[in-house]
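Grab your viewer and work through these exercises one at a time. Try each task before you read its solution.

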Amino acid sequence: MATRYWIVALPVQSADGATVAAAKTALWSRLQDSISRHSFDTPLYRFTVPDLRPGTLDSLLALSDDLVKSNIFIEGVSHKIRRQIEDLERAGGVESGSLTVDGVPVDSYLTRFVWDEGKYPVNAPLKETVASIQSQVAKIEDDMKVRVAEYSNVKSQLGQINRKQTGSLAVRDLSNLIKPEDMVTSEHLVTLLSIVPKYSQKDWLASYESLDTFVVPRSSKKLYEDNEYALYTVTLFAKVVDNFKVHAREKGFQIRDFEYSPEAQESRKQELEKLLQDQELMRTSLLQWCYASYSEVFSSWMHFSAVRVFVESILRYGLPARFLSVVLAPSTKSEKKVRTILEGLCSNANSSYWRSEDDVGVAAGLGGETESHPYVSFTINFV
């Protein structure tokens, strides 16, 4: 599937009493023939734009000023949702599938585009149609921000728990490293947990008994070691705990506050399981919402593109609306050849006018792109 398409509108010239429809058919045949002979690997499709309500020239000029900015916004929301879908599929180990609009692959939806008269009446003022599309896409974007924030919050909570369980001994949760027999708790005695830098273990073993008078001799035992620290126990009288902590800190040993509680450990385990379940439920729900919303935004984007083709074609070719709109997907190596074919199908007068030194400025004024052509042309990027 191609990910980049051109939407192009060529001027239709009717002569010798031929109808506009007949002239359009003839131009389509010429375009098909030229593409097949000179760029046979370029897919080519009709892009059917209905007879919309053009309004006044002033209204079209005013609308064209906003078309490019509006397109950037709608395209941006489409890409945001697509990236979110990719992230969610990757997080769930789901193989990425093709995105669709009402069950139709997005590339087919573009190349077989049909205007939705029920959703966007053709007789409605163009300004209203554009405003409706923008409002709908903006609402979806706002909804996405809220949903993604909720999902990210759960992910953040899980991340904090994982860091506590997998971080260094200086910060991680110690409950799963401690057994009941490691701790001594009585009316007078208490066991503390000391975090000792790996390079200072000999110093700890040689000095912990002298950090305070009431330390139980030979009571220190190593329970665990990571890349940076070792976890040691030490038993002493409860009345000297504060003094022992001060002296230990002075020698570079960290005493971690810890109270062994099977109930608290079980509670943390249940909390983790619930967060994992919540995360998966939210991921699945958000993914389904993104699929549906991408379909809605992409459909809106294509209807907006049809309006854009209509407006720019009238401003460029005049009234009544006489243009042939098509979709092409040329490869990079074929782009120059296809541009030459398209230019050759424009009238000489039109082509000469759009090659003037004011090309770029005029094109920009009609909602065009940086590169100027003697016909309406803009690019649709799926990704």
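**Exercise 1. Decide whether Cys-346 and Cys-290 are buried or exposed, then count the disulfides.**

Step 1: Start with the cut-offs: buried is under 20% relative accessible area, exposed is over 50%, and partly exposed is in between, using a 1.4 Å probe and protein chains only.
Step 2: Cys-346 has 5% relative accessibility, so it's buried.
Step 3: Cys-290 comes out at 0%, so that one is buried too.
Step 4: For disulfides, look for a pair of cysteine sulfur atoms within 2.5 Å. The structure has zero of them.

A quick word on what you're working with: this is a predicted model, where local features need pLDDT of at least 70 and side-chain atom pairs count only at pLDDT 80 or more, while totals for chains, interfaces and linings use all residues. Residues are numbered from 1 along each chain as its sequence is written, and side-chain values use heavy atoms, with hydrogens and water left out.

**Exercise 2. Work out how the protein's radius of gyration sits against the compact-globule value.**

Step 1: Take the radius over C-alpha atoms, and get the globule value from 2.2 Å times the number of residues to the power 0.38.
Step 2: For 383 residues the rule gives a value near 21 Å, but the protein has 35 Å.
Step 3: Now check the principal axes: the C-alpha trace spans about 115 × 40 × 35 Å.
Step 4: Add the burial total, with 45% of the 383 residues counting as buried.

**Exercise 3. Place Asp-278 and find its C-alpha distance to Val-114.**

Step 1: Helices are DSSP runs of H or I with at least four residues, strands are runs of E with at least two, and both are numbered from the N terminus. The protein has 10 helices and 10 strands.
Step 2: Asp-278 belongs to helix 7, residues 262-317.
Step 3: Its relative accessible area is 23%, so Asp-278 is partly exposed.
Step 4: Val-114 is 164 residues away along the chain, and the two C-alpha atoms are separated by 40 Å.

**Exercise 4. Look at the backbone: which residues does the cis peptide bond join, and what is phi at Asp-102 and Arg-218?**

Step 1: Recall the background: most residues other than glycine have a negative phi, and most peptide bonds are trans.
Step 2: The cis bond joins Leu-319 and Pro-320, with omega about -5 degrees. Pro-320 sits in the loop between helix 7 and strand 9 (323-328).
Step 3: Asp-102 has a positive phi near 55 degrees. You'll find Asp-102 in the loop between strand 3 (100-101) and strand 4 (104-105), and its 71% relative accessible area makes it exposed.
Step 4: Arg-218 has a positive phi of about 50 degrees. Its loop runs between helix 5 (201-207) and strand 6 (221-225), and at 73% Arg-218 is exposed.

**Exercise 5. Find what Leu-192 touches, not counting residues up to four places away in sequence.**

Step 1: Locate Leu-192 in strand 5, residues 189-197.
Step 2: With a relative accessible area of 9%, Leu-192 is buried.
Step 3: Apply the contact rule, heavy atoms within 4.5 Å. Leu-192 then touches Tyr-232, Thr-233, Val-234, Leu-236, Val-241, Phe-244 and Ile-255.
Step 4: Finish with Glu-259, which is 67 residues from Leu-192 in sequence and 9.3 Å away, C-alpha to C-alpha.
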